[in-house]
Amino acid sequence: MSTNPEKLQPRLAKLNEALESGALDQARRMLNRGLAPVDVAHLLESTPPKEREILWGLLDPDLHGDVLQYLGDDVQIEFLNRMDAEQLLTATEGLDVDDLADLLQQLPNTVIQEVLQSMEAQERQRVEAVLSYPEDTAGGLMNPDAITIRPDITLDVVLRYLRRHERLPDATDTLLVVTRRDELIGILSLNRLLVSDVSVLVREVMETDFHAIQAIASDADVATLFQKHDLISAPVVGIDGKLLGRITIDDVVDVIREDAEHQVMSMAGLDEDEDTFAPALRTSRRRAVWLGINLLAATIVSIAIGFFEDTIQQIAALAVLMPIVSSMGGIAGSQTLTVMIRGIALGHVSGANVRWLLVRELLVGMTNGLIWAVVVGTMSVFRFDDIRLGEIIAMAMVINLTVATLAGTLIPVLLKKFKIDPALSGGVLLTTITDVVGFVAFLGLATVFYL
């Protein structure tokens with residue numbers, strides 16, 4: 001569990017003072033005894049590379065696994081790549097199966113096999129069950145640890161069975177009722193277990209109307225299910241209905257947080273797990289690709305403007321007003337794009353309602369286009385004392401805002417259809433379209449009316 005933030009900051013400040021003064025023994029004690037693993041991970045991610053190396057060296061090997069599970073992919077891989085199979089096995093001893101699988105998925109396949117071969121047969125089988133599914137599916141999120149019971153035993157037997165455990169799996173709120181062939185047929189909440197007559201059979205009090213998740217379901221679908229039904233845990237089943245494991249709320253919170261970071265970072269073409277203190281060369285290489293894509297988009301826009309070079313030279317006012325048309329279109333399109341991406345993420349948008357949304361956005365674009373066309377057109381007439389110029393920019397505004405809202409609606413739908421993340425490339429496509437349409441409409445109309 002994380003330390004209270006108000007208490008954590010003074011501890012981190014003292015730890016930094018100890019490092020700066022060279023009091024490594026004091027720093028080691030504070031690091032290993034005074035901070036929770038999640039706070040140590042936060043400290044490592046907030047530290048430049050050289051200091052990070054010192055901190056990792058001061059950390060007790062027994063805590064490596066607990067800290068590794070809380071690190072972002074970039075920093076996590078940095079430390080995992082330095083560990084051999086024996087060190088990994090020692091570091092990850094005691095971790096939940098799903099957390100262990102998450103760590104192993106960051107390693108080359110040869111290393112994964114080496115670690116698996118070093119495990120006991122039962123543990124290896126459980127880890128392999130999770131690794132057999134992609135990490136962004138319910139199967140990849142699940143933990144095989146679950147308490148199962150039979151339907152034909154009494155609640156008294158269930159209670160005695162539970163008391164034989166040293167501890168229950170984290171976030172256990174229900175017991176899973178299965179047949180002898182491990183087919184999931186119901187759930188028994190701990191609340192119901194504690195308040196019911198101990199002489200009744202499980203089948204008499206178990207719930208048969210419950211939410212089971214298919215192992216191949218996406219992590220986004222899992223998060224949506226937990227959000228809709230306020231779940232703490234949910235069983236995971238295969239296509240044959242047999243119980244495979246369960247997903248708990250802590251895993252779903254991680255999915256929601258990672259999706260939120262992904263949305264923000266993808267808008268700039270960045271990885272949500274990128275190390276804040278990554279070396280300059282690695283950071284430059286990652287950002288260069290996205291800068292190149294944006295350069296291509298900007299080149300397309302500049303070529304479109306170049307076709308009207310003569311018009312711009314003869315009518316200087318066009319250069320002053322051009323940014324207004326493209327900027328207004330960009331904002332209108334971004335509003336629609338954001339709403340659509342959110343709708344897709346929440347599962348609100350489907351083939352059945354896209355047409356309705358398209359018509360709605362068309363009306364919104366035309367309405368806002370007309371309103372702001374009057375405003376900008378009037379301002380242009382007063383500024384340049386040219387009624388024709390006001391009419392031209394007004395028409396360009398209506399055209400660009402209408403096209404922007406249509407593009408903002410269609411781009412994420414089409415990208416999703418082709419299995420491309422709308423958050424990653426939707427913004428660039430939209431900006432290119434609104435800029436090109438805005439400039440071509442404005443300069444094209446000016447060329448027709450003036451030249």
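Me: In the hairpin of S2 and S3, which residue takes a positive phi, and how many residues lie between the strands?

Reply: This is a predicted model, and in it the hairpin of S2 and S3 has five residues between its strands, with Asp 182 taking a positive phi near 65°. The two arms of that hairpin are strand S2, residues 174-178, and S3, and they run antiparallel, joined by five bridges.

Me: How should I read the pairing of strands in general, and which residue stands opposite Leu 175?

Reply: As a general idea, the strands of a sheet pair through backbone hydrogen bonds, and they do so either parallel or antiparallel. In the present case, the residue that stands opposite Leu 175 is Leu 188, which belongs to S3.

Me: What is the order of the strands in the sheet that holds S1, S2 and S3, and which of them stand at the edges?

Reply: The order is S1-S2-S3, in an open sheet of three strands with mixed pairing. Strand S1, residues 148-149, and S3 stand at the edges with a single partner strand each, so one side of each has no neighbour in the sheet.

Me: Is strand S3 mostly covered or mostly open?

Reply: Strand S3, which spans residues 184-189, is mostly covered, since five of its six residues are buried.

Me: Which strands make up the sheet that contains S5, and which are its edge strands?

Reply: That sheet is also an open one of three strands with mixed pairing, in the order S4-S5-S6. Its edge strands are S4 and S6, each of which pairs on one side only. Between strand S4, residues 213-214, and S5 the pairing is parallel and rests on two bridges, and Ile 213 stands opposite Val 236 in S5. Between S5 and strand S6, residues 243-248, the strands run antiparallel and are joined by five bridges, with Ala 234 standing opposite Ile 247 in S6. S5 and S6 also form a hairpin with five residues between them, and Gly 241 in its turn has a positive phi of about 85°.

Me: Why is S5 said to be largely enclosed by the rest of the structure?

Reply: Strand S5 covers residues 233-237, and five of its five residues are buried, so the strand is largely enclosed by the rest of the structure. Both of its faces are covered, with Ser 233, Pro 235 and Val 237 buried on one side and Ala 234 and Val 236 buried on the other.

Me: How many cavities of 30 Å³ or more does a search of the whole structure find?

Reply: The general idea is that rolling a probe the size of a water molecule over the atoms shows where empty space is left. Here a search of the whole structure finds one cavity of 30 Å³ or more, and the volume of the largest cavity is about 70 Å³. The elements that give two or more residues to its lining are S2 and S5, and the largest share, three residues, comes from S5. The residues that line this cavity include Ser 233, Ala 234, Pro 235 and Arg 246. By class, the lining has six nonpolar, three polar and two charged residues.

Me: Which residues of helix H9 are buried, and why are they said to line one face?

Reply: In helix H9, residues 109-117, the buried residues are Ile 112, Val 115 and Leu 116. Seen down the axis of H9, these buried residues fall within an arc of 100°, so they line one face of the helix. On the other side of H9, Thr 110 and Gln 117 are exposed. The buried residues of H9 pack against helix H7, helix H8 and helix H10.

Me: Why does Val 289 count as exposed?

Reply: Exposed means over 50% relative accessible area, and Val 289 counts as exposed because its relative accessibility is 55%. Val 289 is found in helix H17, residues 280-306. Its C-alpha atom and that of Asp 240, 49 residues apart along the chain, are separated by 44 Å.

Technical notes:
Residues numbered from 1 in each chain as written. Predicted model: local features only at pLDDT ≥ 70, side-chain atom pairs only at ≥ 80, totals over all residues. Heavy atoms only, no water. Buried < 20%, exposed > 50% of the residue type's maximum accessible area, 1.4 Å probe, protein only. Helix = DSSP H or I, 4+ residues; strand = E, 2+ residues; numbered from the N terminus. Pairing = 2+ DSSP bridges. 1 Å grid on protein atoms, 1.4 Å probe; cavity = no way out; pocket = protein on both sides within 12 Å on 5 of 7 lines; lining within 4 Å. Points joined across faces, edges and corners; volume = space filled by probe spheres on them. Nonpolar A, V, L, I, M, F, W, Y, C, P; charged D, E, K, R; others polar. Arc of directions from axis to C-beta. Contact = heavy atoms within 4.5 Å.
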